[in-house]
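Please open the model in the viewer and keep the selection tool at hand. The tour proceeds by selecting a few residues at a time.

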Amino acid sequence: MSGPRADPVVQRALDDAVPTDLPSGVADEVAELGKEVWLAEVTGRGRDRWPGYFADRTARTAFYTRVRVQAAIGRKDPAGPGAVVHLVWAGAGPAGTFMDGRTATVRFIRDERSGTWTPQR
């Protein structure tokens, strides 16, 4: 099975692969935010929401098309404080080749005063 119909299977596999270590509400919140940041990363749309993360506007001039996130999970960041979002996504690269099963991670730090999550490079 491939394409969007396979995405729930990919999500279950990702959920099963990495044990939950955040409260479910927090894990869901950061996973959703990770999807949004990653879509901005690969498509260029929405980068203005995180000007510190996308400070170099010239970093990528050719973007992906037909992009979708197949699965995402939020977990504690083992490399330090905050959270990490593990993603599996699909899209056509600048040359036009479409692939499912691409992987990515986005790291976040939480501002304890405001409760907001900020993506980190």
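The stops below pass from a pocket to charged pairs and then to some single residues.

**Before starting**

This is a predicted model, in which local features need pLDDT of at least 70 and side-chain atom pairs count only at pLDDT 80 or more, while totals for chains, interfaces and linings use all residues. Residues are numbered from 1 along each chain as its sequence is written, and side-chain values use heavy atoms, with hydrogens and water left out.

**Stop 1: the largest pocket**

Select Gln11, Asp15, Thr20, Ala27, Asp28, Ala31, Glu32, Lys35, Ala72, Ile73, Gly74 and Arg75, which line the largest pocket. On a 1 Å grid over the protein atoms alone, a pocket is an open set of points where a 1.4 Å probe fits, with protein on both sides within 12 Å along at least five of seven lines; lining residues have an atom within 4 Å of a point. The largest pocket holds about 170 Å³ of space, a volume being the space filled by probe spheres set on the points.

Which elements supply at least two residues each of this lining? They are helix H1 (7-17), helix H2 (24-43) and strand E1 (65-76). Helices (H or I, at least four residues) and strands (E, at least two) are DSSP runs, numbered from the N terminus. H2 gives the largest share of the lining, five residues.

Colouring the lining by class shows four nonpolar, three polar and five charged residues. Here Ala, Val, Leu, Ile, Met, Phe, Trp, Tyr, Cys and Pro count as nonpolar, Asp, Glu, Lys and Arg as charged, and the others, Gly among them, as polar.

**Stop 2: arginine 75**

Next, select arginine 75, one of the lining residues, which is found in strand E1. Arginine 75 is buried yet has no salt bridge. Buried means under 20% relative accessible area, exposed over 50%, and partly exposed in between (1.4 Å probe, protein chains only). A salt bridge is a side-chain nitrogen of Lys or Arg within 4 Å of a carboxyl oxygen of Asp or Glu. The nearest side chain of opposite charge to arginine 75 is that of aspartate 15, 4.4 Å away; Lys and Arg count as positive and Asp and Glu as negative, whereas His and the chain ends are not counted. Now display proline 19: the side chain of arginine 75 reaches the backbone oxygen of proline 19 at 3.1 Å.

**Stop 3: leucine 14 and isoleucine 73**

Move to leucine 14 in helix H1. Leucine 14 counts as buried because its relative accessibility is 14%. Add isoleucine 73 to the selection: the two C-alpha atoms are separated by 7.3 Å, although the residues are 59 apart along the chain.

**Stop 4: salt bridges**

Side chains of opposite charge can pair when their charged atoms come close. How many salt bridges does a search of the whole structure find? The search finds seven.

Select aspartate 7 and arginine 68, which form a salt bridge whose closest N and O atoms are 2.9 Å apart. Aspartate 7 lies in helix H1 and arginine 68 in strand E1, so the pair ties together parts that are 61 residues apart in sequence. Both partners are buried: aspartate 7 has 11% relative accessibility, and arginine 68 has 18%.

Extend the selection to aspartate 100, whose side chain meets that of arginine 68 in a salt bridge (3.2 Å, N to O). Aspartate 100 lies in strand E3 (residues 98-110) and arginine 68 in strand E1, so this pair ties together parts that are 32 residues apart in sequence. At 30% relative accessibility, aspartate 100 counts as partly exposed.

Another pair to select is arginine 113 and aspartate 111, with closest N and O atoms 4.0 Å apart in their salt bridge. Arginine 113 is exposed at 78% relative accessibility, whereas aspartate 111 is partly exposed at 28%. Returning to the earlier trio, salt bridges that share partners join Asp7, Arg68 and Asp100 into one network.

**Stop 5: three single residues**

Select arginine 66 in strand E1. Arginine 66 has a positive phi of about 50° although it is not a glycine. Most residues other than glycine have a negative phi. Is arginine 66 buried or exposed? Arginine 66 counts as exposed, because its relative accessibility is 57%.

Then select phenylalanine 54, in the loop between H2 and E1. Phenylalanine 54 is buried, with a relative accessible area of 2%. Proline 119 is 65 residues from phenylalanine 54 in sequence and 9.7 Å from it in space, C-alpha to C-alpha.

Finally, select glutamate 41 in helix H2, which is buried at 11% relative accessibility. A polar contact of 2.8 Å joins the side chains of glutamate 41 and arginine 121. A polar contact is a pair of N or O atoms within 3.5 Å; within protein, one must be able to donate a hydrogen and the other to accept it, and residues adjacent in sequence count only if both atoms are side-chain atoms.
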